[in-house]
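Thanks for making the time this morning. I would like to walk through one model with you, going from a single helix to the core and then to the charged pairs.

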Amino acid sequence: MSLKIKHFIQHQFHQFMSKKWPQLIAILGIVTAIWFWGIGGAIASEGLDALTVPSPASEAAPNRPTLDTNTIPSAKVSQFVGAYLQVLRQIEGRQQELLSAPTSLESQRIEREIESASIAAIEEAGLTKQEYFQMLSLANIDPEFGERIAAGIQEATNQE
């Protein structure tokens, strides 16, 4: 393949990906949420922190923190991006094994292993599970924040 064709393909790929990153984040966010569906109760019971997404009822409560996605520090975004990529690798790396599991018991065992490794990756990145899921949710519902996350993911993957 000539260098000119290679550059053209790379340029087209980057244009395509820059338009599709928010959609990919949403899809992968949904997949991740499905994988962690069983830990939702644990997340809800951990209490509130600075990254709590306010519900309409909590917006009226003056003592509850609210979240402005513009004030989330870039260090926190970087932590999320690192954790997100690790979780994604966990899921992708074991997807075929999970799909080809001979029994539902084996499938459940693999799911628990993926979940444990993903939680460890989130915590190693310096986030709580609650922070991770809140940022994932925000990336899916706030277009500007989603773009910020997408840019971080693209930067991280370009550095690999």
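**Salt bridges, helix α4 and the core**

A search of the whole structure finds 5 salt bridges, and I should say at once that this is a predicted model.

Let me begin with helix α4, which covers residues 74-99. At 1.5 Å a residue its 26 residues should span 38 Å, and because the end C-alpha atoms are 36 Å apart, the expected and computed values agree. The helix does carry a kink of about 35°, centred on glycine 93.

Which residues of α4 are buried? Among them are Val77, Phe80, Tyr84, Leu88 and Ile91, and the list also includes Lys76 and Arg94, two residues to which I shall return.

Turning to the largest nonpolar core, which has 24 residues, the members that touch the most other members are Val77, Phe80, Tyr84, Tyr132, Phe145 and Ile149. At least two residues of this core come from each of α4, α5 (104-124), α6 (129-141) and α7 (143-159), and α4 gives the most, with 9 residues.

Now to the charged pairs. In general, side chains of opposite charge can pair when their charged atoms come close. Lysine 76 forms a salt bridge with glutamate 131, with the closest N and O atoms 3.1 Å apart. This pair links distant parts of the chain, since lysine 76 belongs to helix α4 and glutamate 131 to helix α6, 55 residues apart. Both partners are buried.

A second salt bridge joins the side chains of arginine 94 and glutamate 97, at 2.7 Å from N to O, and here both residues lie in helix α4, 3 residues apart, or about one turn of the helix. Are the two partners buried or partly exposed? With a relative accessible area of 18%, arginine 94 falls under the 20% cut-off and is therefore buried, whereas glutamate 97, at 33%, is partly exposed.

In helix α5, arginine 109 forms a salt bridge with glutamate 113, the closest N and O atoms being 2.2 Å apart. These two residues are 4 apart in the helix, so about one helical turn separates them. That spacing fits the general rule that an α-helix has 3.6 residues a turn, so residues three or four places apart point the same way. Arginine 109 counts as partly exposed at 28% relative accessibility, as does glutamate 113 at 32%. Finally, salt bridges that share partners join Arg94, Glu97, Glu106, Arg109 and Glu113 into one network.

How values were computed:
Residues are numbered from 1 along each chain as its sequence is written. This is a predicted model: local features need pLDDT of at least 70, side-chain atom pairs count only at pLDDT 80 or more; totals for chains, interfaces and linings use all residues. Side-chain values use heavy atoms; hydrogens and water are left out. The expected span of a helix is 1.5 Å times one less than its number of residues. The bend at a residue is the angle between axes fitted to the seven residues ending there and the seven starting there. Buried means under 20% relative accessible area, exposed over 50%, partly exposed in between (1.4 Å probe, protein chains only). A nonpolar core is a set of buried Ala, Val, Leu, Ile, Met, Phe, Trp, Tyr and Cys residues joined through side-chain atoms within 4.5 Å. A salt bridge is a side-chain nitrogen of Lys or Arg within 4 Å of a carboxyl oxygen of Asp or Glu.
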